[in-house]
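Here is a short set of exercises to work through with the model open beside you. Try each task before you read its solution.

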Amino acid sequence: SIINSKKRMVYEEVNEILRNGKINGYEQFEKNLFVFKELSDKLDKISEEKGRMELDSGEFMIHTDLEGKPIDIAMRYQGEAERMIENAMVEANITIAEQCRDLFIDGDLNVPFVYRVHEEPEARRLLSVINIFKEQQLFREATITKAENSIHKVMNTKKGKLSSSIVKPLLDEAREKDICEAVSSIILKSMSKAVYSPINVGHFGLAEKNYCHFTAPIRRYSDLQIQLSIRLFEEYYMCADANRQDEIYKQIIDIKKEISDICNHISQKEVDADETSREVNALAQAQFVAENIRDYEGPVEARILDITSSRVSIATDDFILAIIEGDELKKSGFLYRRQSRSFYRPHDKASFKLGTRFVAFNAEASIPHRVVKYSAMTLKEKNKIDKQVQKSLAKRIVKRRTHKVVCSKEKAD
């Protein structure tokens, strides 16, 4: 295809225009950008009404030098410009999936198609997550009760279906309490992963009956396969040569035979790519912290993202994804509570649960294991230590001043 590009725009500059109005070189596009934003806001509203899940997952960027050495870690934020492009791409994917379903599946030719599907989660698994939230007392009772009732209603009705809108009140309240990243992570783990399939079962997370990946054929094979199917469909019906039509039909039959294997393959490659990305980022982060250990050894405030009996996954306020060993907490008197997936210390009633903010210190970076470890103390413990330090400093200052006064008197005498 040929694209007549009017302007090579940059996300940061478009975000600045949407915030403050003007940037040199964008004058003729400003009006259209604000119209685009208005359209994007309407798409957001429609998505919200459908019940689309808006999960939060903080994304860290690792900057490297020309030799690939990590030199900085920062948080990636989604601005209005990024959101506008995302909404436009999602809408394009929905439209293509709907149109191709009607033309390909319901038509005479029955051309194979690659859907992006996300199956409805098991009600019992989602209910177990709600129970964890309930045990940890993360949400208002009314929010938990509403989610529980919705799930029980589906479980008691054979033909009932879960809706992604069930978790929306939980996510909304989690954002209010600044624990959405941790809550989103646990909810995601209770669900199956979105995959590619020739059979359309809808997309639960997006609350869409039809969805595909169409907009990135230069980087995703699924998108390329869809565009091949569209080209074959168009060529078959536009071609006047019967022999050529027979060739296209045979090609479509061949794709039909392979389409399930193709979908399974690209789904697995996506999993492999995600795992590789996590491993590379973990290695780069461990290298960076090891190289700059004095800057990252703490103490620094952090929040809990996930908890098991053996480790607590955390994110520090200076953008380090790390862990605290479960044994480390147990040595400090904490007990693991399996039912609520939390740590609790009886003698002072301190607890570590999803979203808990605490103080991480004593960083240790292991490059071979691609991990950064911290020790932990509660904010209450940190405040107590700070007060003790302040008292100690105050005593030293008083002592020094007294010493100076005595010395001054001696000199005067």
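**Exercise 1. Helix 1 and its partners**

At what angle do helix 1 and helix 3 pack, and how far apart are their axes? Then list the residues that make the contact, and do likewise for helix 1 and helix 2.

*Solution.* Keep in mind that you are working with a predicted model.

Step 1. Helix 1 (residues 11-20) packs with helix 3 (residues 80-105) at an angle of about 105°, their axes being 7 Å apart. An angle from 65 to 115 degrees counts as roughly perpendicular, so helix 1 and helix 3 are roughly perpendicular to each other.

Step 2. On the helix 1 side, the contact uses Tyr11, Val14, Asn15 and Leu18, and helix 3 brings Glu80, Ala81, Glu82, Met84 and Ile85. Sorted by class, the residues of this contact of helix 1 with helix 3 are six nonpolar, one polar and two charged.

Step 3. Turn to helix 2 (residues 30-50). The axes of helix 1 and helix 2 come within 11 Å and cross at roughly 85°, and therefore this pair is roughly perpendicular too.

Step 4. Here Val14, Ile17 and Leu18 of helix 1 meet Glu30, Leu33, Phe34 and Lys37 of helix 2. The contact of helix 1 with helix 2 has five nonpolar, no polar and two charged residues.

**Exercise 2. The end of helix 2**

Which residues does Lys50 contact, leaving aside its neighbours within four places in sequence? Add which side chain is joined to that of Lys50 by a polar contact.

*Solution.*

Step 1. Lys50 is placed in helix 2. Its relative accessible area is 38%, so Lys50 is partly exposed.

Step 2. With the sequence neighbours set aside, Lys50 contacts Ala207 and Glu208. The side chains of Lys50 and Glu208 are joined by a polar contact of 2.8 Å.

Step 3. For a view of the backbone, take Lys50 and Leu206: they are 156 residues apart along the chain, and their C-alpha atoms are separated by 8.4 Å.

**Exercise 3. A histidine in a loop**

Is His203 buried or exposed? Find also what its side chain reaches on the backbone of Leu206.

*Solution.*

Step 1. Locate His203 in the loop between strand 4 (195-197) and helix 8 (221-238). Its relative accessibility is 11%, so His203 counts as buried.

Step 2. Leaving out residues up to four places away in sequence, His203 touches Arg116, Val117, His118, Ala194, Glu208 and Tyr211. Glu208 is also the partner of Lys50 in the polar contact of Exercise 2.

Step 3. A polar atom of the His203 side chain lies 3.1 Å from the backbone nitrogen of Leu206.

Step 4. As a check on sequence against space, compare His203 with Gln136: 67 residues separate them along the chain, and their C-alpha atoms are 30 Å apart.

**Exercise 4. Helix 4, helix 7 and the loop that follows helix 4**

How closely do the axes of helix 4 and helix 7 come, and at what angle do they cross? Next, give the phi of Gln137.

*Solution.*

Step 1. The axes of helix 4 (residues 123-136) and helix 7 (residues 180-189) come within 9 Å, crossing at roughly 150°. Angles over 145 degrees count as roughly antiparallel, so helix 4 and helix 7 are roughly antiparallel to each other. The crossing is right-handed.

Step 2. Arg125, Val129 and Phe133 of helix 4 meet Val183, Ile186, Ile187 and Lys189 of helix 7. This contact of helix 4 with helix 7 comprises five nonpolar, no polar and two charged residues.

Step 3. Gln137 is in the loop between helix 4 and helix 5 (141-155). Although not a glycine, Gln137 has a positive phi of about 55°. With a relative accessible area of 66%, Gln137 is exposed.

**Exercise 5. Strand 11 and a cis peptide bond**

Where is Ala363, and which residues is Ala363 in contact with beyond four places in sequence? Which two residues does a cis peptide bond join?

*Solution.*

Step 1. Ala363 belongs to strand 11 (residues 357-366) and counts as buried at 11% relative accessibility. Asn362 lies in strand 11 as well, and its phi is positive, near 60°.

Step 2. The contacts of Ala363 are Ile293, Tyr296, Glu297, Lys373 and Tyr374.

Step 3. The cis peptide bond joins Gly298 and Pro299, with omega about 5°. Pro299 sits in the loop between helix 10 (293-296) and strand 5 (300-307).

Note on methods: Residues numbered from 1 in each chain as written. Predicted model: local features only at pLDDT ≥ 70, side-chain atom pairs only at ≥ 80, totals over all residues. Heavy atoms only, no water. Helix = DSSP H or I, 4+ residues; strand = E, 2+ residues; numbered from the N terminus. Buried < 20%, exposed > 50% of the residue type's maximum accessible area, 1.4 Å probe, protein only. Contact = heavy atoms within 4.5 Å. Polar contact = N/O pair within 3.5 Å; in protein donor to acceptor, adjacent residues only side chain to side chain. Axes fitted to C-alpha atoms, helices over the stretch in contact; angles between N-to-C directions. Parallel < 35°, antiparallel > 145°, perpendicular 65-115°, else oblique. Left-handed = near helix turned anticlockwise from the far one by under 90°. Nonpolar A, V, L, I, M, F, W, Y, C, P; charged D, E, K, R; others polar.
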